[in-house]
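The following exercises concern pockets and strand pairing in a single protein model. Each task is followed by a solution in steps.

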Amino acid sequence: MTPFDLVLTPRGVRFLGRVLPCSIGKGRITSTKREGDGATPVGQHQIVGMLYRPDRIPRPSHWAKPIGPNDLWSDDQGDSAYNTQVRAPYAFSHETLRRSDPLYDLVLIMDWNWPNAQPGLGSAIFIHQWRRPGYPTEGCIAFSRTDLHWLAARILPGTRVIVPSLA
């Protein structure tokens, strides 16, 4: 591990000498991730993308891509585009990236079950803004708006996200 890794600990995520409070999945931590279990997957993941709402926040990094009104994320196990970004209109089950709440104003995409997704092993495992401290996610890692923006300004594609089984 290096100071440039995001490392989940019982106190939060350690990064660049700081520990940032975070929320994890309502299903806690799992080494047997499944679609819909609400758990955060164990492993060494990488940041593979950054999305943001240009109508709400300035571009957080030069490599961030805007979320448009038709941007979605497929969570349908029967979809050949499962666990990838897709566009509306879309017939398969999906998650809307341009939400009415601020949770996805800034999204860091992790490489869990990506790019060659296996159906049923989980989709849309992101780092995003939390609803409030301690409120669990559906499997993502979530931070306060301030801490999320601080992270986004300092990470690069390929930054490792380490989720140990005993976090």
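For sorting pocket linings, Ala, Val, Leu, Ile, Met, Phe, Trp, Tyr, Cys and Pro count as nonpolar, Asp, Glu, Lys and Arg as charged, and the others, Gly among them, as polar. The model is predicted.

**Exercise 1.** Describe the second largest pocket by volume, lining and residue class.

*Solution.* Begin with the space: the second largest pocket holds about 200 Å³. Next, identify its lining, which comprises 13 residues, with P10, C22, S23, I24 and R28 the closest to the centre. Finally, sort this lining by class: seven residues are nonpolar, four are polar and two are charged.

**Exercise 2.** Carry out the analysis for the largest pocket.

*Solution.* The volume is about 390 Å³. The lining of the largest pocket consists of 26 residues, and E95, Y104, T137, E138 and C140 lie nearest the centre. Sorting the lining of the largest pocket gives ten charged, nine nonpolar and seven polar residues.

**Exercise 3.** Determine the strand order of the open sheet formed by three strands, and explain why β9 and β10 each have one side without a neighbour in the sheet.

*Solution.* First, write the order, which is β9-β8-β10 with antiparallel pairing. Second, consider the edges: β9 (85-87) and β10 (94-96) each have a single partner strand, so one side of each lacks a neighbour in the sheet. Third, add the geometry: from one strand to the next, the twist averages 45°. Fourth, examine one pairing: β8 (residues 71-74) and β9 run antiparallel and are joined by three bridges. Within this pairing, L72 is positioned opposite V86 of β9.

Note on methods. Residues are numbered from 1 along each chain as its sequence is written. This is a predicted model: local features need pLDDT of at least 70, side-chain atom pairs count only at pLDDT 80 or more; totals for chains, interfaces and linings use all residues. Side-chain values use heavy atoms; hydrogens and water are left out. On a 1 Å grid over the protein atoms alone, a cavity is a set of points where a 1.4 Å probe fits but cannot get out, and a pocket is an open set with protein on both sides within 12 Å along at least five of seven lines; lining residues have an atom within 4 Å of a point. Grid points are joined across faces, edges and corners, and a volume is the space filled by probe spheres set on the points. Two strands pair if DSSP finds at least two bridges between them. Helices (H or I, at least four residues) and strands (E, at least two) are DSSP runs, numbered from the N terminus. Axes are lines fitted to C-alpha atoms, for helices over the stretch in contact, and angles run from 0 to 180 degrees between N-to-C directions.
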